[in-house]
Amino acid sequence: MSDQQWELSLTVQSAEETHALAAALGAVLEAGDLVILTGELGAGKTTFTQGLGEGLGVRAGIISPTFVLVRIHPNLPDGPRPGGPDLVHVDAYRLESAAEIDDIDLENTLDSTVTVVEWGRGRVEHLNDSLLDVELHRPLGAAALSAALPGTSAAAASLPDPAGDTDGVLDFDTDDDDEPRTIVIRGFGPRWAEQPLLPAALKGNS
(Lines give C-alpha, C1' and ligand atoms only; values in the text may rest on other atoms or scores of the structure.)
Protein backbone atom coordinates (compact mmCIF):
# COMPACT_ATOMS: atom_id res chain seq x y z
CA MET A 1 0.00 0.00 0.00
CA SER A 2 1.14 3.54 -0.68
CA ASP A 3 2.46 5.74 2.09
CA GLN A 4 0.06 7.55 4.36
CA GLN A 5 -0.37 11.18 3.31
CA TRP A 6 -2.36 12.63 6.19
CA GLU A 7 -4.67 11.81 9.10
CA LEU A 8 -7.78 13.53 10.48
CA SER A 9 -9.31 12.75 13.85
CA LEU A 10 -12.84 14.08 14.32
CA THR A 11 -15.45 13.80 17.06
CA VAL A 12 -19.15 13.46 16.27
CA GLN A 13 -21.88 13.65 18.90
CA SER A 14 -24.67 11.63 17.27
CA ALA A 15 -25.72 9.38 14.43
CA GLU A 16 -26.94 12.46 12.58
CA GLU A 17 -23.48 14.04 12.75
CA THR A 18 -21.87 10.80 11.61
CA HIS A 19 -24.26 10.67 8.67
CA ALA A 20 -23.64 14.33 7.77
CA LEU A 21 -19.86 13.92 7.99
CA ALA A 22 -19.97 10.89 5.69
CA ALA A 23 -22.30 12.69 3.26
CA ALA A 24 -19.76 15.53 2.99
CA LEU A 25 -17.06 12.98 2.24
CA GLY A 26 -19.26 11.12 -0.23
CA ALA A 27 -19.81 14.33 -2.18
CA VAL A 28 -16.11 14.44 -3.15
CA LEU A 29 -15.61 10.75 -3.86
CA GLU A 30 -15.17 9.74 -7.48
CA ALA A 31 -15.27 6.58 -9.56
CA GLY A 32 -12.29 4.43 -8.67
CA ASP A 33 -12.11 5.50 -5.03
CA LEU A 34 -11.65 2.78 -2.40
CA VAL A 35 -12.73 3.27 1.22
CA ILE A 36 -11.80 0.81 3.99
CA LEU A 37 -14.18 1.03 6.94
CA THR A 38 -13.27 -0.32 10.38
CA GLY A 39 -15.20 -0.21 13.66
CA GLU A 40 -16.58 -2.51 16.31
CA LEU A 41 -20.22 -3.43 16.72
CA GLY A 42 -22.31 -0.32 17.23
CA ALA A 43 -19.57 2.06 16.13
CA GLY A 44 -21.66 3.35 13.23
CA LYS A 45 -20.26 1.69 10.10
CA THR A 46 -23.68 1.31 8.49
CA THR A 47 -24.67 4.87 9.43
CA PHE A 48 -21.41 6.12 7.91
CA THR A 49 -21.98 4.15 4.70
CA GLN A 50 -25.53 5.50 4.46
CA GLY A 51 -24.08 9.01 4.63
CA LEU A 52 -21.56 8.22 1.92
CA GLY A 53 -24.43 6.95 -0.23
CA GLU A 54 -26.36 10.19 0.28
CA GLY A 55 -23.33 12.26 -0.71
CA LEU A 56 -22.78 10.07 -3.78
CA GLY A 57 -26.44 10.32 -4.77
CA VAL A 58 -27.15 6.59 -4.88
CA ARG A 59 -30.36 4.72 -4.14
CA ALA A 60 -31.34 4.76 -0.45
CA GLY A 61 -31.76 1.61 1.64
CA ILE A 62 -28.13 0.83 2.49
CA ILE A 63 -27.83 -1.96 5.07
CA SER A 64 -24.97 -4.18 6.12
CA PRO A 65 -24.06 -6.67 3.37
CA THR A 66 -22.95 -9.27 5.95
CA PHE A 67 -24.81 -12.25 4.54
CA VAL A 68 -24.45 -11.47 0.83
CA LEU A 69 -20.89 -10.06 0.98
CA VAL A 70 -21.51 -7.44 -1.73
CA ARG A 71 -24.36 -5.00 -2.42
CA ILE A 72 -24.46 -2.54 -5.31
CA HIS A 73 -26.36 0.73 -4.88
CA PRO A 74 -26.93 2.47 -8.24
CA ASN A 75 -26.60 6.16 -8.87
CA LEU A 76 -29.93 8.01 -9.10
CA PRO A 77 -30.45 9.89 -12.39
CA ASP A 78 -32.63 12.40 -10.54
CA GLY A 79 -30.39 12.60 -7.46
CA PRO A 80 -27.79 15.18 -6.44
CA ARG A 81 -25.06 13.67 -8.64
CA PRO A 82 -26.71 12.35 -11.82
CA GLY A 83 -24.27 10.30 -13.83
CA GLY A 84 -22.05 9.77 -10.81
CA PRO A 85 -20.58 6.44 -9.70
CA ASP A 86 -22.53 3.59 -8.15
CA LEU A 87 -21.64 2.46 -4.63
CA VAL A 88 -20.32 -1.07 -4.09
CA HIS A 89 -20.65 -2.02 -0.40
CA VAL A 90 -18.65 -5.05 0.74
CA ASP A 91 -18.43 -6.90 4.07
CA ALA A 92 -15.06 -8.68 4.17
CA TYR A 93 -15.32 -10.07 7.71
CA ARG A 94 -15.78 -13.66 6.56
CA LEU A 95 -13.11 -13.37 3.87
CA GLU A 96 -9.84 -14.54 5.33
CA SER A 97 -7.35 -13.39 2.71
CA ALA A 98 -6.67 -11.12 -0.23
CA ALA A 99 -7.13 -14.17 -2.47
CA GLU A 100 -10.73 -14.57 -1.29
CA ILE A 101 -11.29 -10.89 -2.03
CA ASP A 102 -10.04 -11.52 -5.55
CA ASP A 103 -12.56 -14.35 -5.88
CA ILE A 104 -15.50 -11.93 -5.59
CA ASP A 105 -14.05 -9.98 -8.53
CA LEU A 106 -14.16 -6.43 -7.23
CA GLU A 107 -11.60 -5.42 -9.84
CA ASN A 108 -14.30 -5.60 -12.51
CA THR A 109 -16.22 -2.71 -10.93
CA LEU A 110 -13.47 -0.90 -9.02
CA ASP A 111 -12.64 1.68 -11.70
CA SER A 112 -16.25 2.68 -12.37
CA THR A 113 -17.67 2.74 -8.82
CA VAL A 114 -16.89 3.88 -5.29
CA THR A 115 -16.06 0.75 -3.29
CA VAL A 116 -16.57 0.67 0.48
CA VAL A 117 -15.21 -2.40 2.27
CA GLU A 118 -16.11 -3.06 5.90
CA TRP A 119 -13.45 -5.12 7.71
CA GLY A 120 -11.22 -4.60 4.67
CA ARG A 121 -8.00 -3.68 6.42
CA GLY A 122 -5.27 -6.16 5.51
CA ARG A 123 -7.45 -7.63 2.76
CA VAL A 124 -8.06 -5.08 0.01
CA GLU A 125 -5.14 -2.66 -0.01
CA HIS A 126 -3.69 -4.44 -3.06
CA LEU A 127 -6.68 -3.38 -5.16
CA ASN A 128 -5.73 0.28 -5.45
CA ASP A 129 -2.66 2.47 -5.06
CA SER A 130 -4.82 5.06 -3.27
CA LEU A 131 -7.45 4.65 -0.58
CA LEU A 132 -9.15 6.20 2.40
CA ASP A 133 -8.97 4.31 5.68
CA VAL A 134 -11.85 5.26 7.99
CA GLU A 135 -11.92 4.03 11.58
CA LEU A 136 -14.84 4.60 13.98
CA HIS A 137 -14.35 4.38 17.74
CA ARG A 138 -16.92 4.30 20.53
CA PRO A 139 -15.70 5.93 23.77
CA LEU A 140 -16.82 2.97 25.86
CA GLY A 141 -16.11 0.44 23.18
CA ALA A 142 -16.01 -3.32 23.38
CA ALA A 143 -15.18 -3.36 27.09
CA ALA A 144 -18.58 -1.86 27.91
CA LEU A 145 -20.32 -4.22 25.54
CA SER A 146 -18.53 -7.14 27.17
CA ALA A 147 -19.77 -6.01 30.58
CA ALA A 148 -23.31 -5.80 29.24
CA LEU A 149 -23.10 -9.32 27.81
CA PRO A 150 -21.75 -11.61 30.59
CA GLY A 151 -19.35 -14.26 29.39
CA THR A 152 -18.22 -12.26 26.37
CA SER A 153 -14.63 -11.06 26.20
CA ALA A 154 -13.87 -7.54 25.05
CA ALA A 155 -12.08 -8.92 22.00
CA ALA A 156 -15.02 -11.09 21.05
CA ALA A 157 -17.46 -8.25 21.64
CA SER A 158 -15.71 -6.14 19.05
CA LEU A 159 -16.44 -8.65 16.29
CA PRO A 160 -19.72 -9.43 14.54
CA ASP A 161 -21.50 -12.62 15.54
CA PRO A 162 -21.11 -15.13 12.69
CA ALA A 163 -24.55 -16.48 13.50
CA GLY A 164 -26.04 -13.02 13.07
CA ASP A 165 -27.36 -12.93 16.64
CA THR A 166 -27.20 -9.33 17.84
CA ASP A 167 -29.56 -9.58 20.82
CA GLY A 168 -28.51 -7.02 23.41
CA VAL A 169 -26.34 -5.06 20.96
CA LEU A 170 -27.47 -1.51 20.35
CA ASP A 171 -26.96 -0.28 16.82
CA PHE A 172 -25.55 3.21 16.49
CA ASP A 173 -28.68 4.65 14.91
CA THR A 174 -31.07 3.48 17.67
CA ASP A 175 -30.93 4.10 21.40
CA ASP A 176 -27.30 5.21 21.73
CA ASP A 177 -27.22 7.78 18.96
CA ASP A 178 -26.21 10.58 21.33
CA GLU A 179 -23.02 8.82 22.39
CA PRO A 180 -20.05 10.58 20.79
CA ARG A 181 -17.74 8.78 18.40
CA THR A 182 -14.23 9.48 17.19
CA ILE A 183 -13.76 9.07 13.45
CA VAL A 184 -10.22 8.82 12.15
CA ILE A 185 -9.73 9.27 8.41
CA ARG A 186 -6.37 8.51 6.78
CA GLY A 187 -5.47 9.24 3.17
CA PHE A 188 -3.08 6.98 1.27
CA GLY A 189 -1.58 7.26 -2.19
CA PRO A 190 -1.46 9.88 -4.94
CA ARG A 191 -5.24 10.34 -5.16
CA TRP A 192 -5.22 11.64 -1.59
CA ALA A 193 -1.84 13.38 -1.62
CA GLU A 194 -3.48 16.70 -0.79
CA GLN A 195 -5.78 16.89 2.22
CA PRO A 196 -7.63 19.96 0.75
CA LEU A 197 -9.41 17.54 -1.59
CA LEU A 198 -11.71 16.98 1.38
CA PRO A 199 -14.43 19.55 2.14
CA ALA A 200 -13.98 22.06 4.92
CA ALA A 201 -16.73 20.33 6.93
CA LEU A 202 -14.34 17.42 7.50
CA LYS A 203 -11.47 19.53 8.82
CA GLY A 204 -13.05 21.56 11.57
CA ASN A 205 -11.74 19.58 14.55
CA SER A 206 -8.78 17.75 13.08
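**Exercise 1. State how much surface the protein exposes and what share carbon and sulfur atoms supply.**

Solution. The protein exposes about 9,300 Å², an area computed by the Shrake-Rupley method with a 1.4 Å probe. Carbon and sulfur atoms supply 51% of it. The model is predicted: local features need pLDDT of at least 70, side-chain atom pairs count only at pLDDT 80 or more, and totals for chains, interfaces and linings use all residues. Residues are numbered from 1 along each chain as its sequence is written, and side-chain values use heavy atoms, with hydrogens and water left out.

**Exercise 2. Describe the order of helices and strands.**

Solution. Begin with the count: the protein has six helices and seven strands. Helices (H or I, at least four residues) and strands (E, at least two) are DSSP runs, numbered from the N terminus. Along the sequence, the pattern reads β-α-β-α-β-β-α-α-β-β-α-α-β.

**Exercise 3. Identify the largest nonpolar core and the elements that build it.**

Solution. A nonpolar core is a set of buried Ala, Val, Leu, Ile, Met, Phe, Trp, Tyr and Cys residues joined through side-chain atoms within 4.5 Å. Buried means under 20% relative accessible area, exposed over 50%, and partly exposed in between (1.4 Å probe, protein chains only).

Step 1: the largest such core has 25 residues, and Leu29, Phe48, Leu132, Val134 and Ile183 have the most contacts inside it. Step 2: the elements giving two or more residues to this core are S1 (4-12), H1 (15-26), S2 (34-39), H2 (45-56), S5 (113-118), S6 (131-137) and S7 (181-188). S1 gives the largest share, four residues.

Step 3: take phenylalanine 48. Setting aside neighbours within four places in sequence, phenylalanine 48 is in contact (heavy atoms within 4.5 Å) with Thr18, Ala22, Leu25, Leu37, Val134, Leu136 and Ile183. Step 4: a second, separate core of 14 residues includes Val88, Ile101, Val117 and Phe188.

**Exercise 4. Check the length of H1, then list its buried residues and what covers them.**

Solution. The expected span of a helix is 1.5 Å times one less than its number of residues. H1 has twelve residues and should therefore span 16 Å; its end C-alpha atoms are 16 Å apart, which agrees. The buried residues of H1 are Ala15, Thr18, Leu21, Ala22, Ala23, Ala24, Leu25 and Gly26. Their cover includes S1, H2, S6 and S7.

**Exercise 5. Locate glutamine 13 and classify its exposure.**

Solution. Glutamine 13 lies in the loop between S1 and H1. Its relative accessible area is 41%, so glutamine 13 is partly exposed. The C-alpha atoms of glutamine 13 and threonine 182 are 8.9 Å apart, although 169 residues separate the two along the chain.
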